[in-house]
Amino acid sequence: MESTQRRMIIVAVLVCGFAVGMAGLLNYFKYRTTVHRIVTERILATGRSVEHSIQSSLLLGLQFGDIGTLPGTLERERAADDVITGIDVFDMEGRVLYSTDRERTAHPAPATWLAAGKKAGTGAWIVPGPVESAAGISIENNFGLTIGYLSLRYSNERVQQSAYEAGRQIAIASLAVFALAAALSSFALLAVMRRLRRDVAAVESALRAVDPVRASAAAGRGLFGPALQRFVETIRAAETEIAGLRARMQRDASR
Amino acid sequence: MSYLRGIYLRLAGVLTLVVLAALAANAMLSHRAFERTLAPEMAKKIASVGASIRALVLTAVGNDIDFTALYGVDQRFDEVKSEAPEVSYIAITDEHGKILHQRFRPPAGATDYFRSPGVLAQLSAPDPGTASATATRVGDQYVVSLPIVTPERPLGTVHIGVDVRFVDDIVLDMLLDVVVVLVVSLFFTLELLHFMFGARLEASLRALVEAFERGARGDFATRQTNQAESVFDSLFQLMNGALGRVNAAYAALARDIENGKRVPAHERQPGLAHAGTGLQQLGQRFRFGDDGPDAASPERLLSKVRAPLFVFILAEELTRPFLPTYVKELLVPLPGLAPEVVVALPIALFMLIVALGQPFFGVYCGRAGYRRTMMIGAGIAAAGFAATALAASVLDLLLWRSLCALGYAMVFVAAQGYVLDHSTTAGRVRSFALFVGAIMAAAICGPSIGGILADNIGERSTFAIAALLALGSIAVIRLMPESRPGRAAAAETRLPRLREISSLMANPRFMAVTGLAAMPAKILLTGVCFYLVPLYMLSIGENQAMAGRILMAYAVIMVLIAPLTPPLATTRERMHWLVGGGLVVSGIGGLLMLAGGGIGWVLAAVMLIGLGQSLAISAQSALVADQCEEAIAQLGEGTVYGVYRLLERIGNALGPIIAGTLVLHFDYRPSFVVIGAAVALCGAIFMTVAHRNSQLALKPA
């Protein structure tokens, strides 16, 4: 029975580990997805603000590649949010027209950005990267035609830091819940097993009992009921017969 | 074994309650952690949204529009709400905190808060434009306040509120996944209990009952039990002690009588002859002595196949909700094949290999043994899963999925053969219930968990987990005893000859069950559940976890309903009704998509398919024997059932191809409907044909 108890505890630990582990994992991924969504939406809100500014300039008749106030606006918006590492505006060919990092205007926008922008149409797009990711929106002219894209680069580190912190808290909470649940379920399982132990003890007492009547009565109760009772009674009957034969043999001898 | 079932239910119930409490506690603690860490992030987002409103206000004021006479503000607020749905209140106040514009539901105490010195003080901060966003709890909202200040003077403040329950929504969003974890935990508990404890306990209880019954019949011969296999060591010792005592008394008496006979006749005890006669009679009525070690009965070894089978099948089931989506991501143009059909190819090829490979692997299993075949199969499948995780395109994916199919077929055939070989004729139904139980438990746990994992860690990582599970199953397979198929299993796995297949395919009675019932049922299962459901869910913007949950519902219905139907299939008519009715019910499942295309309708469709299949599955198999008596007499039961299974599994392979072709021409919802209608029609025709055959059989010759 000791090995059964050990096995019960292993079952409790494994099941609680699975359930709490899966729940913790779900919580962590949900948090990571949520924080990433919030950060992206926040960046896109900044992007829309820049887009409004571009639209205002276009409405005034300025050319898309010739908005003199745009570099200042981009710089101001980048400085307003510490998660944004840079803002770029590029046309449909991928030519970077404006950027908070001057040297980027010398190179074309990454092909993945252009592809993501074209795929998203008028919607927002995201291109994940190893160090920094980019979220973007399309820029349309007064006739509703897409003339370029606005991309906001943001540091993955901030999102990762936030996810790491939440992950740590979720891990600690999950570990505590797991330890408690594993202990509680182990005790609960052992308590349930107590009934089995009690029934086994009744059978043992029936097998141990010297008095045949008590043995038979004990056997009738509990785990194996009639089968054990018949077993005990048959053995008693056989023992009685053997003892009877021996007694008779010895009695006749002593006459 | 109702005593054992009682213990099982109590153990599983207690564990489920604790797990439920643990999941609730975990959700509560996570809620707090979310609130603590997400509120500042949300505040920053809201500040960005607020900054755009502020910029517009400043532009308007810069264009000489009076701050107190701004127009179009409510429209802008509505736009903000559509961009950030979690925003529950927006207001603009003047420099004294008086509300100029507001939209949506104001939090309790908003007016006082806007006029509070802390908020008004922001207007005179050195650089109010770059003030960091902090969320303040006002009533039931977090409010972020951003001052609107021109270089000349402060104008006022824009306030944006977010309902504090936004975290509740995030946690509630996970509720379905947590319920899935709970259900899977329950089945996991039952499987673990069985593996760690139940099988031994059941074997020990059975051994004890047998020993007691033997003793009650007068068979006192002791048998050594394997201590490692027994839960009741002390009980066995005591029982053997009691048996040993009576054996010893008998042996001592026999010895004394024998010794007594050795002395000269005149010195012999007078009662010796009487005792000798009594001893002889005792020996006839009871059985004494030692039978040596107790050989494990084949049925006792049966349960050892359940855990490896569960773990292995779980690996394959994990991939169900996202495999078609994964294939779609790896699509490359194949000449002459539409993408919709190419997506179906890996599933169809898998099913075809399993269908065609089973007879061959049955023969291989005869040479290699069950354990070895299962280990090799699991190893091949693990390699297949790992390679699938790294697949570059649909072309190499086809090869890797073929490996998975080979492994699956090997494990399936070997496990089935093992069950067949280790069960008595009387206990075969119970033995197969153990086999099917392991598969169904995996079918419940696998898709739901697979969907959640694919959504969160990605499809490739989930395939890697499937590979680990398949590898892990090898460790459990190693615990099985090494044995080779006996005659019964070997007969079942003989390759059906072409002549036999064609003869059966020309048999109208056989084809009525196979072509009108078994094959359509499988086409519906794989076409709808394995192909259409995962792809359709994604097409309506749902995730793979939802597809997994819906597939789990199918398995849950099967587990709940399928055991109830065999007792109903008592007569031929009832079997006809169950098979035909089951097909019609599952066909209606597909037709249900005419009513709507939401998740609820998909769930209802899949549940009806599960219900229909549960009604039909056992009667369908029994009908083969009932309808094809002549064919069985001529070709043998093994051959008839072998061809039946082969054609049924070919139905499995056809399902995704048919569904893919239908999607190509009609889109998803009509494909559900067309397959459903065709299967319902098959069910109706089957019932008509079966009824006509019964009428013909009743007519006097």
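Author: A helix here is a DSSP run of H or I at least four residues long, and helices are numbered from the N terminus. In this predicted model, Gln620(B) has its place in one such run, helix H22 (residues 599-627) of chain B.

Reader: Why is Gln620(B) called buried?

Author: The cut-off is 20 or more other C-beta atoms within 10 Å. Gln620(B) has 24 of them within 10 Å, so the residue counts as buried.

Reader: What is Gln620(B) in contact with, leaving aside its neighbours within four places in sequence?

Author: The partners of Gln620(B) are Val513(B), Ala517(B), Ala518(B) and Val579(B). A contact requires C-beta atoms within 7 Å. His576(B) is 44 residues from Gln620(B) in sequence, and the C-alpha to C-alpha distance of the pair is 8.3 Å.

Reader: What makes Asp64(B) exposed?

Author: A residue is exposed if 12 or fewer other C-beta atoms lie within 10 Å. The count for Asp64(B) is 6, so Asp64(B) is exposed. The residue lies in the loop between helix H1 (2-62) and helix H2 (73-83) of chain B. Its phi is near 65 degrees, a positive value in a residue other than glycine.

Reader: Which class does Phe104(B) fall into, with 15 C-beta neighbours inside 10 Å?

Author: Buried starts at 20 and exposed ends at 12, with partly exposed in between. With 15 neighbours, Phe104(B) therefore counts as partly exposed. Phe104(B) belongs to strand S2 (residues 99-104) of chain B, and its phi, near 70 degrees, is likewise positive in a residue other than glycine.

Reader: Why are H19(B) and H24(B) called oblique to each other?

Author: Helix H19 (residues 508-539) and helix H24 (residues 637-666) of chain B pack at an angle of about 40 degrees. Roughly parallel needs an angle under 35 degrees, and roughly perpendicular runs from 65 to 115. The pair fits neither, and is therefore oblique. The axes are 7 Å apart, and H19(B) passes H24(B) in a right-handed crossing. By class, this contact has 15 nonpolar, seven polar and two charged residues.

Reader: What is the geometry of H19(B) against helix H20 (residues 544-561) of chain B?

Author: The angle is about 145 degrees and the axes are 8 Å apart. The crossing of H19(B) past H20(B) is right-handed. H19(B) contributes Cys529(B), Val533(B), Pro534(B) and Met537(B), while the residues from H20(B) include Ile550(B), Leu551(B) and Tyr554(B). The contact of H19(B) with H20(B) divides into nine nonpolar, one polar and no charged residues.

Reader: How does the radius of gyration of chain B compare with that of a compact globule of 701 residues?

Author: The globule would have a value near 27 Å, whereas chain B has 36 Å. The C-alpha trace of chain B spans about 140 × 70 × 50 Å along its principal axes. Chain B holds 25 helices and seven strands, and buried residues make up 51% of its 701 residues. Of the chain B contacts between residues at least 6 apart in sequence, 79% join residues at least 24 apart.

Reader: How many residues does each chain give to the contact of chain A with chain B?

Author: Chain A gives 73 residues and chain B gives 73 residues. On the side of chain A, the elements giving two or more residues are helix H1 (2-59), helix H4 (156-208) and helix H6 (225-254). H1(A) supplies the largest share, 31 residues. That side of chain A divides into 45 nonpolar, 12 polar and 16 charged residues.

Conventions. Residues numbered from 1 in each chain as written. Chains lettered and ligands numbered in written order. Predicted model: local features only at pLDDT ≥ 70, side-chain atom pairs only at ≥ 80, totals over all residues. Contact = placed C-beta atoms within 7 Å. Nonpolar A, V, L, I, M, F, W, Y, C, P; charged D, E, K, R; others polar. Axes fitted to C-alpha atoms, helices over the stretch in contact; angles between N-to-C directions. Parallel < 35°, antiparallel > 145°, perpendicular 65-115°, else oblique. Left-handed = near helix turned anticlockwise from the far one by under 90°. Rg over C-alpha atoms; globule rule 2.2 N^0.38 Å.
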